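Work through the exercises below with the sequence and the 3D view side by side. Try each task before reading its solution.

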Amino acid sequence: MNAQATLQAGDIEQVMGSLLTDIAATAGLQMIHIGIKTGLWQAMAGAGSLTPAEVAARADVAEPYAREWLNHQAASGYVDYDAATRTFELPPAVAAVLGDEAQARLVEGFASMLASMTVDNALVEEAFRSGMGVGWHQRSSAHWHGMDLATRAAVVPALVSAWIPALGEVEGRLRAGAKVADVGCGYGALLLALAEVYPESRFYGFDYHDASVAQARRSAAAADVADTVTFEVADATAIPGDGYDLILFVDSFHDLGDPVEALRRARQALSSDGRILLVEFAAGDTLEDNFNPLGRLLYASSALVCTPNALAQGATDPLGSAPGAARLTQVAHDAGFTRVRRVDVDAPMNLLLELRP
Ligand SMILES: C[S@@+](CC[C@H](N)C(=O)[O-])C[C@H]1O[C@@H](n2cnc3c(N)ncnc32)[C@H](O)[C@@H]1O
């Protein structure tokens, strides 16, 4: 019996429906983004029922564009539509999310990364066939920029307000003057933020990617913190210095070609009571645990961005973007850490592990 014969009525339509949903969602992100850029969401927030002409006037955009944008958002469920009066209203919850500056930057960051993935996919397609890698340095700069926007929007506030305090006495050490490293620091947003909060501490960012390090240095100079924050080109397996009280790996660990060796080096570089904070996405331990929207996003970025980077660095068993706590704990044990604790924070999208030798 061939596969064709086992099809039930409606099977094909269901798959076509899923495909259409995905195509529409991809276009929808662009529409959300353009609403942010043109101020359409803010123009509607708290304004009650509006006609397209009223929305256009409030946002100072041309009416035909406002109308099509509203039609799209109504069809997508982000805007309520009253057919009797042909007016549109922004529900308060949508206004709260899309009118929020940080969420707007997050959308902008993802829009930038997804646009660059489209451009970079010719390289990745070739790598799928050859099995070779595509390094972070080979990607379009829009990807590096988008990552920085997303980190500033979603990670910096949480790190400063909740994640560092959740490490207990580590925070006191940062107040008094500690030595902190960030491995795979990208554009350096995390250390730049921490330097403002903990002026007595010294911060050292490392990344193998020279263009990211150059940008991080420019940002440190512009923020006037270059005397307490330095950025250097270094591979995670060979970070310079020692005596670090805290070493961060934020959304960089799964990208590494040799994560075990990176942790071994970090372990040597810690002070006597130093800790590692490993921040990854909140993936479950099994594939089927991740059959949800976050899992879809993680496996896509894993195949298109993170695994190619790890393979470019010679990884033989890349972690992928959704390693989960059990696999990360095993890697930490392999690198010689005996104490691994899941940090208890309210962070539905993230998984935080504190590692101690
Ligand atoms: C997904 S980005 C995260 C950047 C930053 N931690 C953040 O949260 O915005 C991963 C970073 O890891 C860096 N990276 C990849 N492989 C590396 C390696 N072997 N050593 C050091 N950095 C590496 C990349 O250049 C990139 O900046």
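## Exercise 1: a long-range salt bridge

Arginine 296 and aspartate 22 form a salt bridge, with their closest N and O atoms 2.7 Å apart. A salt bridge here is a side-chain nitrogen of Lys or Arg within 4 Å of a carboxyl oxygen of Asp or Glu. The model is a predicted one: local features need pLDDT of at least 70, side-chain atom pairs count only at pLDDT 80 or more, and totals for chains, interfaces and linings use all residues. Residues are numbered from 1 along each chain as its sequence is written, and side-chain values use heavy atoms, with hydrogens and water left out.

**Task.** Find which helices hold arginine 296 and aspartate 22, and classify the exposure of arginine 296 and of aspartate 22.

**Solution.**

Step 1. Arginine 296 sits in helix α12 (residues 293–312), and aspartate 22 in helix α1. Helices are DSSP runs of H or I with at least four residues, strands are runs of E with at least two, and both are numbered from the N terminus.

Step 2. The partners are 274 residues apart, so the pair links distant parts of the chain.

Step 3. Recall the classes: buried means under 20% relative accessible area, exposed over 50%, and partly exposed in between (1.4 Å probe, protein chains only). Arginine 296 has 53% relative accessibility, so this residue counts as exposed. Aspartate 22 has 31%, so this one is partly exposed.

Step 4. Recall the general rule. Side chains of opposite charge can pair when their charged atoms come close.

## Exercise 2: salt bridges within a helix

**Task.** Compare two pairs: glutamate 125 with arginine 129, and aspartate 148 with arginine 152.

**Solution.**

Step 1. Glutamate 125 and arginine 129 meet at 3.3 Å, N to O. Both lie in helix α6, 4 residues apart, about one turn of the helix.

Step 2. Glutamate 125 is partly exposed at 45% relative accessibility. Arginine 129 is exposed at 62%.

Step 3. In the second pair, the closest N and O atoms of aspartate 148 and arginine 152 are 2.9 Å apart. These two residues are in helix α7 (residues 141–163), and their spacing of 4 residues again makes about one helical turn.

Step 4. Aspartate 148 is buried, at 11% relative accessibility. Arginine 152 is partly exposed, at 39%.

Step 5. Widen the view. The structure holds 19 salt bridges. Glu169, Arg173, Asp245, Asp273, Arg275, Arg341, Glu354 and Arg356 are linked in a network of them.

## Exercise 3: α1 against α6

**Task.** What is the angle between helix α1 and helix α6, and how far apart are their axes?

**Solution.**

Step 1. Helix α1 (residues 11–38) and helix α6 (residues 101–130) pack at about 130 degrees, with axes 10 Å apart. Axes are lines fitted to C-alpha atoms, for helices over the stretch in contact, and angles run from 0 to 180 degrees between N-to-C directions.

Step 2. Angles under 35 degrees count as roughly parallel, over 145 as roughly antiparallel, 65 to 115 as roughly perpendicular and the rest as oblique. α1 and α6 are therefore oblique to each other.

Step 3. Residues of α1 in the contact (heavy atoms within 4.5 Å) include Leu29, Ile32 and His33. On the α6 side they include Ala104, Val107 and Glu108.

Step 4. Look at glutamate 108, in helix α6. This residue is buried, at 14% relative accessibility. Not counting residues up to four places away in sequence, glutamate 108 touches His33, Lys37 and Leu149.

## Exercise 4: α6 against α7

**Task.** Are α6 and α7 roughly parallel or roughly antiparallel?

**Solution.**

Step 1. The axes of α6 and α7 come within 7 Å and cross at roughly 160 degrees.

Step 2. The two helices α6 and α7 are therefore roughly antiparallel.

Step 3. Pick one residue of the contact: serine 112, in helix α6. Serine 112 is buried, with a relative accessible area of 15%. Leaving aside neighbours within four places in sequence, serine 112 is in contact with Ala142, His145 and Gly146.
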